[in-house]
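Please look over the sequence and the model before reading on, and keep both in view while following the text.

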Amino acid sequence: MRPSAMPHPSSCPPGVLALLAPWLALMAHLSLSSQAGDRRTVPAEKPPGVKGRTLILLDVNTKSPVRITSENFLSLQLDPSIIHDGWLDFLSSRRLVTLARGLAPAFLRFAGKRTDFLQFQNLKNPAKSRGGPGPDYYLKNYEDDIVRSDIALDKQKGCKIAQHPDIMLELQREKAAQMHLVLLKEQFSNTYSNLTLTARSLDKLYNFADCSGLHLIFALNALRRNPNNSWNSSNALSLLKYSAGKKYNISWELGNEPNNYRTLTGRTVNGSQLGKDYIQLKSLLQLIRTYARASLYGPNIGRPRKNVIALLEGFMKVAGRTVDAVTWQHYYIDGRVAKVTDFLKTRLLDTLSDQIRKIQKVVNTYAPGKKIWLEGIGATSAGGTNNLSDSYAAGFLWLNTLGMLANQGIEVVMRHSFFDHGHNHLVDQNFNPLPDYWLSLLYKRLVGPKVLAVHVAGLQREPRPGRVIRDKLRIYAHCTSSHNHNYVRGSITLYIINLHRSRKKIKLVGTLRDKIVHQYLLQPHGKDGLHARSVQLNGQPLAMADDGTLPELKPRPLRAGRTLVVPPLTMSFYVVKNVHALACRYR
């Protein structure tokens, strides 16, 4: 009813006035409130099941970076178990080298639980010296990791690259499956057998790293001990001399998770003794001309619980200035109990942040400004879980780890493992890339080392103080990689994790307003959803080409000024072009 049609009180009969009294009182109250300046309105009721939507406003500080990581920030790890199960002999595979090159430049750390059971043996063929068949007894003509008819010299670096016959790969998979049961038995019984690294095996390992554009970091056995519990360096010296004779460019570590030595062997090495061992190794390196200036990293401790912090403090007091970076490990979930919904829990994603602060506190106390690296990072422990830690769902943890570490000043993170070991790997035993490989490849192609501050605000139909944007939507920003020649300096890369089960709209404002944006949307491919072991980029399945090359990662251009619509349960990258960000225009 229009105001002009309202009945005037003086023209109404008394009975009607009695009926209209409550309504007139309400109108008078609302009118007085408006005149008094009260601008609050009563929200209209929404239909059942309709949630209040959020429009997120996003800007980035482009004047200066908040952190700068290493060019090798996203790096890789190989577990020594590949010697045990025979896969090291296939590292010259053209597909493996191609996949590793896609993630270069990077470090390749050769280490794991079997590091401290590794013995170097400078013999070309120990099987012949014993007069018996070697581990590759079924490959009689398979010599030097390549079938002579399939030798190919890579024109780029003169590397040995092999195209292995299918029959040999089938035989190797059978052998690896049998050995996998042995490795699992060792793991669950916590008793590990010694492992021999021959000179030929070291050659194959270095050939793979060098040909792939990766810098090898080799972890030496720290459990070879003298009666007084000091480190016995005799075997390490033999390995160092051989590597120096070959002029191999290698950096070094000593041991792996020293806080677990009591569990592994009943022997304890405290932080102070470990620090002395590192000083001994540093002196040894300085005696060998090739490695006089080689980098040394450590102590590669486990999760920073109370006893581990004590070990790190003891180490830092003695050898904090000896190492080029302080290293530690982190695994999110017990691999024996993981389920797919674990990877969607924000509490799980945030467990790493507290550990970073604990490590930083100790390091900054004894060696302020010392670089910190996270080595041996994986979704789950105990080798991972099949169809979980190697699935699309695990990518949420991996991408959030990269964003969180970069923002909190960790210079390098090493993914365990690039190939073979357990189910945390990036490449499977058919040499096919898994979802986290494609995620890593996108990161390498698009994300540079300069980290930018993100400014976010939310406008909601239903105001919820303190809940403008939930932590299920995570947004990180970097300068776009200068190695990507598709984008000029000054472009910015955003990467976004949406753990919500609904799409989210993000409007770019401030310096990002009205710029052309390229979208790289990663989603599971096929019917398995979060369990998928293959992915699609902007709706197109990702796979290596028939000729063994990596596909071109094509973006989806978005119109300037368009609001970003982020689908539910996805990971995505957005390159904002031609921002002319001052922080990104210069090295």
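The paragraphs below go from the chain as a whole to its helix packing and then to some single residues.

The structure is a predicted model, and its confidence is a suitable place to begin. The mean pLDDT of the protein chain is 85, with 82% of the residues reaching 70 or more. Over residues 1-52, however, the pLDDT is below 50, and beyond near neighbours in sequence this stretch has 12 contacts in the model. A further stretch, residues 126-151, also stays under 50 in pLDDT, and for these residues the model has 42 contacts beyond four places in sequence.

The protein chain holds 15 helices and 25 strands. Of its 587 residues, 54% are buried. Among the contacts in the chain with a separation of 6 or more, 81% are between residues that lie 24 or more positions apart.

Helix packing can now be taken pair by pair. Two packed helices are described by the angle between their axes and the distance between the axes. Helix α3, residues 94-102, packs with helix α6, residues 199-212, at an angle of about 50°, and the two axes are 8 Å apart. An angle between 35 and 65 degrees falls in the oblique class, and α3 and α6 are therefore oblique to each other. The crossing in which α3 passes α6 is right-handed. On the α3 side the contact is made by L96, V97, A100 and R101, and on the α6 side by F208, C211 and S212. Sorted by class, the residues of this contact of α3 with α6 are 5 nonpolar, 1 polar and 1 charged.

Further along the chain, helix α9, residues 271-287, meets α10, and their axes come within 7 Å and cross at roughly 40°. As a result of this angle, α9 and α10 are likewise described as oblique to each other, and their crossing is right-handed. From α9 the contact draws on G271, S272, L274, G275, K276, Y278 and I279, while α10 brings L311, G314, F315, V318 and A319. The contact of α9 with α10 has 7 nonpolar, 4 polar and 1 charged residues by class.

How do the axes of helix α12 and helix α13 cross, and what is the angle? Helix α12 spans residues 351-366 and helix α13 residues 395-407, and their axes come within 10 Å and cross at roughly 30°. Since angles under 35 degrees count as roughly parallel, that angle makes α12 roughly parallel to α13. The crossing of α12 and α13 is right-handed. In this contact, L352, S353 and I356 of α12 meet T401, M404 and L405 of α13, and by class there are 4 nonpolar, 2 polar and no charged residues.

Helix α12 has further packing partners. Its buried residues are L352, S353, Q355, I356, I359, Q360, V362 and V363. An α-helix has 3.6 residues a turn, so residues three or four places apart point the same way. The elements against which the buried residues of α12 pack are β11 (296-301), α10 (306-319), β12 (325-333), α11 (346-349), β13 (371-380) and α13.

Some single residues deserve attention for their backbone geometry. A cis peptide bond, with omega about 0°, joins A104 and P105, and P105 lies in the loop between α3 and β4 (106-110). Another cis peptide bond joins H416 and S417, where omega is about 15°; S417 is found in the loop between β14 (412-416) and α14 (435-446).

Positive phi values in residues other than glycine can be located as well. Phi of N190 is near 60°, and N190 is found in the loop between α5 and β8 (195-198). D514, which is not a glycine, has a positive phi of about 60°, and its place is the loop between β19 (504-508) and β20 (517-524). At 54% relative accessibility, D514 counts as exposed.

The last residue to examine is H180, which lies in helix α5, residues 166-189. Is H180 buried or partly exposed? With a relative accessibility of 32%, H180 counts as partly exposed. H180 and H84 are 96 residues apart in sequence, and their C-alpha atoms are 9.0 Å apart in space.

Conventions: Residues numbered from 1 in each chain as written. Predicted model: local features only at pLDDT ≥ 70, side-chain atom pairs only at ≥ 80, totals over all residues. Heavy atoms only, no water. Axes fitted to C-alpha atoms, helices over the stretch in contact; angles between N-to-C directions. Helix = DSSP H or I, 4+ residues; strand = E, 2+ residues; numbered from the N terminus. Parallel < 35°, antiparallel > 145°, perpendicular 65-115°, else oblique. Left-handed = near helix turned anticlockwise from the far one by under 90°. Contact = heavy atoms within 4.5 Å. Nonpolar A, V, L, I, M, F, W, Y, C, P; charged D, E, K, R; others polar. pLDDT = per-residue confidence, 0-100. Buried < 20%, exposed > 50% of the residue type's maximum accessible area, 1.4 Å probe, protein only.
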